[in-house]
Amino acid sequence: MNYTGFFRAELDALRDEGNYRVFADLERERGAFPKAVNRDGEEKRDVTIWCSNDYLGMGQHPDVLDAMHNALNTVGAGAGGTRNISGTTHHHVLLERELADLHGKDAALLFTSGYVSNWAALGTLAARIPNCLVLSDALNHASMIEGIRHSKADRQVWRHNDLEHLEELLAAQPLDRPKLIAFESVYSMDGDIAPIKEICDLADRYNAMTYLDEVHAVGLYGPHGGGVAEERGLMDRLTVIEGTLGKAFGVMGGYIAASTELCDFVRSFASGFIFTTALPPAVAAGAAASVRHLKASATERADQKRKVAEVRARLEAAGIPHIDNPSHIIPVMVGDPVKCKFLSDVLMRDHGIYIQPINYPTVPKGTERLRITPSPVHSAQDIDHLIAALEDLWGQCQLARIPMAAQ
């Protein structure tokens with residue numbers, strides 16, 4: 001077999017479909033986010049980032065940077081190994097305490113990323129609880145799906161946010177069979193939010209555990225940034241809350257928060273925890289500083305909500321089609337992979353606006369989009385420039401507009 005030829009043909013097919021991913025070479029400017037420099041060979045251009053998951057700009061916050069510098073200067077760079085060998089530092093311990101407190105749980109367990117925390121925690125729980133059945137929302141993230149698959153436990157997929165279908169599946173099982181309902185709070189591509197209370201009600205009725213992925217909600221919702229479950233007063237009803245430190249908290253890492261026994265169980269049996277090098281202590285220190293800041297400050301969340309509402313209203317007035325949802329994520333719908341990539345390229349090249357195209361397999365074919373995430377650090381001028389550029393491109397490409405534009 002010509003291996004190189006095979007790889008080339010598969011990549012060419014991706015390009016022909018418009019689904020080949022190109023990474024933009026970006027250099028963020030400290031203290032000036034969302035501004036960045038885009039490098040393209042020898043060429044450089046100034047751009048404004050509109051698609052970052054650093055939702056609140058905490059990756060640039062002085063408290064976070066100071067904590068990381070202090071830790072680096074005090075304890076050095078690496079953790080020294082896996083948590084089990086020599087990699088548990090005091091900064092990891094302090095961060096886990098902050099995270100447990102954030103979610104009102106007895107304990108928390110830190111991982112190297114949100115992907116790893118889902119893969120390891122779900123994979124371990126489902127594999128080691130005898131005869132466990134996992135009920136997984138149809139739009140769960142790839143990390144959750146992979147963890148569930150890795151467990152080799154029985155699994156059933158329930159239609160997205162469909163409580164009737166979930167109850168139908170639960171009711172068909174013996175009441176005493178171990179069951180785990182896995183779902184997200186804010187779904188990252190459509191921006192819709194799960195009916196958490198009603199899912200917890202079903203879990204109580206049918207003797208099931210609940211596993212809530214809050215990665216796109218922690219830091220952003222609730223009076224202390226504990227997520228949608230905190231905002232709705234439901235944290236105590238959830239068996240496991242999983243989150244990330246790499247989005248609204250602006251750093252890196254993932255975690256679960258749960259009972260002491262459950263966290264210790266995962267710590268003791270999850271290969272994805274046991275055999276991987278721990279996060280650098282400076283990263284843990286920066287994450288802890290970010291969590292502490294957002295527990296105490298509602299300013300960033302309030303500013304972000306205002307910016308999100310303004311961008312939505314401006315898109316509506318311009319007739320730019322987007323999914324209406326209750327979250328901070330604004331999917332601008334294109335519906336064609338080639339056009340979506342073209343729009344992204346022209347926005348970067350001609351307007352200095354960086355919005356990565358979201359194509360298959362991240363979203364289903366025919367639902368390609370530009371995913372916009374307004375932040376508190378986007379200015380009024382940034383918003384004006386974004387809307388003007390999108391209006392220009394929508395006209396230039398003769399894309400459909402929503403009916404309001406005709407009013």
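Select Phe 111 and Gly 254 to begin: Phe 111 stands opposite Gly 254 in S10. You're looking at a predicted model, by the way. Now widen the selection to residues 254-258, which make up strand S10, and add S4; the two run antiparallel and pair over five bridges.

**Stop 1: strand S4**

Keep S4 on screen and show its side chains. Which residues point one way, and which the other? Ala 107, Leu 109 and Phe 111 go one way, while Ala 108 and Leu 110 go the other way, and all are buried. So how much of S4 is covered? Mostly covered is the verdict, with five of its five residues buried.

**Stop 2: the seven-stranded sheet**

Zoom out to take in the sheet around S4. It's an open sheet of seven strands with mixed pairing, and you can walk across it in the order S4-S10-S9-S8-S7-S5-S6. At the edges are S4 (107-111) and S6 (154-158), each of which pairs on one side only. Turn the view as you go across: from one strand to the next, the twist averages 20°.

Next, colour residues 209-213 (strand S8) and 240-244 (strand S9). These two pair in the parallel sense, over three bridges. To see a bridge up close, pick Asp 213; its partner in S9 is Glu 242.

Now add helix H8, residues 196-205. H8 packs on the sheet and touches S6, S7 (179-184) and S8. Compare the directions of H8 and S7: the angle is about 175°.

Two loop residues deserve a click here. Asn 207 sits in the loop between H8 and S8, and its phi is near 60°, a positive value in a residue other than glycine. Asn 207 counts as partly exposed, with 47% relative accessibility. The other one is Asn 131, in the loop between helix H5 (114-128) and strand S5 (133-137). Phi of Asn 131 is also positive, near 60°, but Asn 131 is exposed, at a relative accessible area of 52%.

**Stop 3: aromatic rings**

Time to go ring-hunting. How many aromatic pairs does a search of the whole structure find? The search finds three. Return to Phe 111 and add Phe 273. The ring centres are 5.7 Å apart and the planes are at 80°, so this pair is edge-to-face. Phe 111 belongs to strand S4 and Phe 273 to helix H11 (residues 271-274), so the pair ties together parts 162 residues apart in sequence. Are these two rings' residues buried or exposed? Both Phe 111 and Phe 273 are buried.

Then select Phe 265 and Phe 269. This pair is tilted, at 5.0 Å centre to centre with 50° between the planes. Both residues lie in helix H10 (residues 260-269), four residues apart, or about one turn of the helix. Phe 265 is partly exposed at 27% relative accessibility, and Phe 269 is partly exposed at 39%.

**Stop 4: charges over rings**

Jump to Arg 15 and Tyr 20. The charged end of Arg 15 sits over the Tyr 20 ring, 4.1 Å from the ring's centre. Then head over to Lys 365, which lies over the face of Tyr 360 at 4.8 Å from the ring centre.

Stay on Tyr 360 for a moment: the peptide bond from Tyr 360 to Pro 361 is cis, with omega near 10°. Pro 361 is found in the loop between S13 and S14. For another cis peptide bond, select Phe 33 and Pro 34, where omega is about 20°. Pro 34 is in the loop between strands S1 (25-28) and S2 (35-40).

**Stop 5: the three-stranded sheet**

Show S11, S14 and S13. In that order they form an open sheet with antiparallel pairing. S11 (330-333) and S13 (357-358) are the edge strands, each pairing on one side only. Four bridges join S11 to S14 (residues 369-372), and you can click Val 332 to find it opposite Leu 370 in S14. Helix H14 (residues 337-351) packs on this sheet, touching S13 and S14, and makes about 45° with the direction of S14.

**Last stop: the whole chain**

Finally, select everything. The chain has 15 helices and 14 strands. Its C-alpha atoms fill a box of roughly 60 × 55 × 55 Å along the principal axes. Of the 407 residues, 54% count as buried. The radius of gyration is 22 Å, which agrees with the value near 22 Å for a compact globule of 407 residues.

Key
Residues numbered from 1 in each chain as written. Predicted model: local features only at pLDDT ≥ 70, side-chain atom pairs only at ≥ 80, totals over all residues. Heavy atoms only, no water. Pairing = 2+ DSSP bridges. Axes fitted to C-alpha atoms, helices over the stretch in contact; angles between N-to-C directions. Contact = heavy atoms within 4.5 Å. Phe/Tyr/Trp six-rings, centres within 6.5 Å; stacked < 30°, edge-to-face > 60°. Buried < 20%, exposed > 50% of the residue type's maximum accessible area, 1.4 Å probe, protein only. Lys NZ or Arg CZ within 6 Å of the ring centre and 35° of its normal. Rg over C-alpha atoms; globule rule 2.2 N^0.38 Å.
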